[in-house]
Structure formats: structure tokens, C-alpha cells
Amino acid sequence: MTRLLVVVPSDTDPPARLGEWLTGAGLELDERHLDAGDEVPADLSGHDGLLVLGGPQSSLDEGATELAPVRDLLAQAAADDVPTLAICLGAQLLAQATGGSTRVRPDGPEVGATLVARRDAAETDPVFAGVPLSPDVIAWHHDEVERLPGGAVVLAANPVCDVQAYRLGTAVYGLQFHIETTPEIAASWAAHDPVGVASSGLDVAEISARAAAAHPDLAEVWAPFAGRFADVVHARART
């Protein structure tokens with residue numbers, strides 16, 4: 001069985017639907033939940049790929065010591081070009097771990113259902129090539145990537161965030177947005193993030209309703225994306 005190490009920095013952002021899609025594509029998920037005190041491995045021995053999810057922690061918080069081993073693991077994955085998908089907080093940690101930097105968003109949080117635009121480089125990418133030009137996503141971040149590592153390729157952006165998706169090497173991906181959510185997860189985030197919701201100009205009910213309405217379109221685009229990422233992990237396992 002092809003094994004994917006899944007690091008869950010916070011149980012507020014579990015693998016959810018993304019985990020189901022990856023399992024359906026034949027990956028065995030080895031989940032490590034930081035909230036439960038699970039150990040993050042020192043390396044990827046015994047695993048063929050890596051998934052790092054999001055959470056309410058800030059990538060800029062030096063007191064979030066639980067994130068240090070996650071950065072170390074992401075640095076190793078990038079150095080060895082191990083298939084990796086790093087989402088939101090994960091994407092920020094990946095940038096930090098490989099020579100880039102992050103910052104608090106100067107214009108305030110980006111939250112709720114939104115669109116991103118695929119960049120030209122995505123047309124030849126084995127995982128992003130099947131994504132439409134302007135897919136639905138769920139945004140929920142107070143920080144963002146300020147400076148990408150050398151050699152990084154931007155794959156998606158939108159008017160409020162220059163780096164919505166990027167690739168390092170051939171198989172290491174960072175997504176600033178979320179594709180794993182359920183309507184219930186998005187509604188919970190709205191209920192517990194008054195600052196983020198206020199930045200949207202909507203109330204909790206409306207931002208939750210709009211997120212729920214976007215989820216069928218999310219599945220249509222991002223379930224096949226997950227399958228293509230799984231193909232990359234399977235190819236790694238075979239070699």
C-alpha cells in the first residue's frame with residue numbers, strides 16, 4: 001500500500017473530504033494529530049508522500065513550538081522532492097522551511113468562498129493541468145506567503161493574494177486556500193473567527209451559507225485534483 005503521512009496541526013482542520021478522496025485513490029493515510037500529542041516523524045521513512053493541513057496557529061508565532069518539527073519535515077520533503085501537499089498554514093510553513101517568508105496580511109484576513117485564477121505555469125503541471133481557469137475554493141487565512149523560496153513556481157493567484165498556489169521542484173505543492181472542508185467545518189470556522197468574518201463584510205450566517213453553496217463545485221474540481229496528486233505519490237512509491 002502506498003502510504004501518505006498526514007500532519008494535522010489542529011483538529012479544527014481535519015483531512016475531511018480530501019482524506020476521503022485520497023483514500024479512494026488508493027493511498028493509506030497515516031494521520032498525526034498535534035492536538036492529540038501525536039509525534040511528527042523525524043523523516044519520511046516508510047512514507048511515499050506528505051500532506052500538511054491548516055490550523056488557527058500563526059506561522060509567525062514563535063511560541064507555537066509544535067510547528068518546528070513540521071517545518072523540518074517539509075524542508076526534508078522539498079529537498080528530496082517527495083510528493084507533498086501543504087495547505088494554508090502548511091503552505092506558509094513550507095515557504096518558511098525552504099527559504100521564503102510569511103507575514104500578516106496587510107489588508108486583513110481573506111475568508112469564505114472565493115475564486116482563484118490558474119496561472120500559465122499550471123497548464124503543464126501534472127496535478128494542476130486539469131484544474132479549470134477560475135476554480136472555487138475556500139479561503140481562510142490571516143497570514144500569507146510574503147516571499148517565495150528560490151525556484152518556486154506560482155500556479156494560482158487572485159486579486160487579493162498573489163500566491164494562492166505554488167510548486168517547488170516537481171512534486172511539492174503549497175495551497176494557500178482550502179479544498180478539504182465540509183460545509184460544517186467552514187461554518188465552525190466562521191463561528192469562531194469574528195475578526196475574519198468582520199473582514200469579509202458578511203455575517204456568520206451569510207458567509208457559512210455561501211461556503212456551503214460552493215462545496216459541490218469544490219468537489220467537482222478538487223476530487224480529481226486529489227486523484228492526480230495520488231498518482232504522483234503512487235509513482236514515487238513504485239520508484
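Arg105 and Glu144 form a salt bridge, with their closest N and O atoms 2.8 Å apart. Arg105 sits in the loop between strand E5 (101–104) and strand E6 (110–115), and Glu144 sits in strand E9 (residues 143–147), so the pair ties together parts that are 39 residues apart in sequence. A salt bridge here is a side-chain nitrogen of Lys or Arg within 4 Å of a carboxyl oxygen of Asp or Glu. Helices (H or I, at least four residues) and strands (E, at least two) are DSSP runs, numbered from the N terminus. The model is predicted: local features need pLDDT of at least 70, side-chain atom pairs count only at pLDDT 80 or more, and totals for chains, interfaces and linings use all residues. Residues are numbered from 1 along each chain as its sequence is written, and side-chain values use heavy atoms, with hydrogens and water left out.

Both partners of this bridge are covered. Arg105 is buried, at a relative accessible area of 7%. Glu144 is buried too, at 5% relative accessibility. Buried means under 20% relative accessible area, exposed means over 50%, and partly exposed lies in between (1.4 Å probe, protein chains only).

The whole structure holds seven salt bridges. One of them joins Arg3 to Glu28, where the closest N and O atoms are 3.8 Å apart. This pair links distant parts of the chain: Arg3 belongs to strand E1 and Glu28 to strand E2 (residues 27–33), 25 residues apart. Arg3 is partly exposed, at 26% relative accessibility. Glu28 is also partly exposed, at 34%. The pair belongs to a network of salt bridges that links Arg3, Glu28, Asp30 and Arg32.

A further bridge lies within a helix. The side chains of Arg210 and Glu206 meet at 2.7 Å, N to O. The two residues are four apart in helix H6 (residues 204–238), so about one helical turn separates them. An α-helix has 3.6 residues a turn, so residues three or four places apart point the same way. Arg210 is partly exposed, with a relative accessible area of 46%. Glu206 is partly exposed as well, at 33%.

Some charged residues gather without salt bridges. Asp11, Asp35, Asp38, Asp61, Glu62 and Glu66 form a negative surface patch. Patch residues have over 30% relative accessible area and no salt bridge; like charges are joined within 9 Å, and nonpolar side chains (Val, Leu, Ile, Met, Phe, Trp, Tyr) within 5 Å. The place of a charge is taken as NZ of Lys, CZ of Arg, CG of Asp or CD of Glu. Within this patch, Asp11 lies in the loop between strand E1 (2–8) and helix H1 (16–24). Asp11 is partly exposed, at 40% relative accessible area.

The search for disulfides (pairs of cysteine sulfur atoms within 2.5 Å) finds zero in the whole structure. Why does Cys88 have no such bond? The closest cysteine sulfur, in Cys161, is 9.5 Å from the sulfur of Cys88, too far for a bond. Cys88 is buried, at 4% relative accessibility. Cys161 is buried, at 2%.

Helix H3 (residues 89–97) is mostly covered. Seven of its nine residues are buried. These are Leu89, Gly90, Ala91, Gln92, Leu93, Leu94 and Ala95. Just after H3, Gly99 takes a positive phi of about 105°.

Terms used: Accessible areas come from the Shrake-Rupley method with a 1.4 Å probe; for residues, only the protein chains shown count as cover. Lys and Arg count as positive and Asp and Glu as negative; His and the chain ends are not counted.
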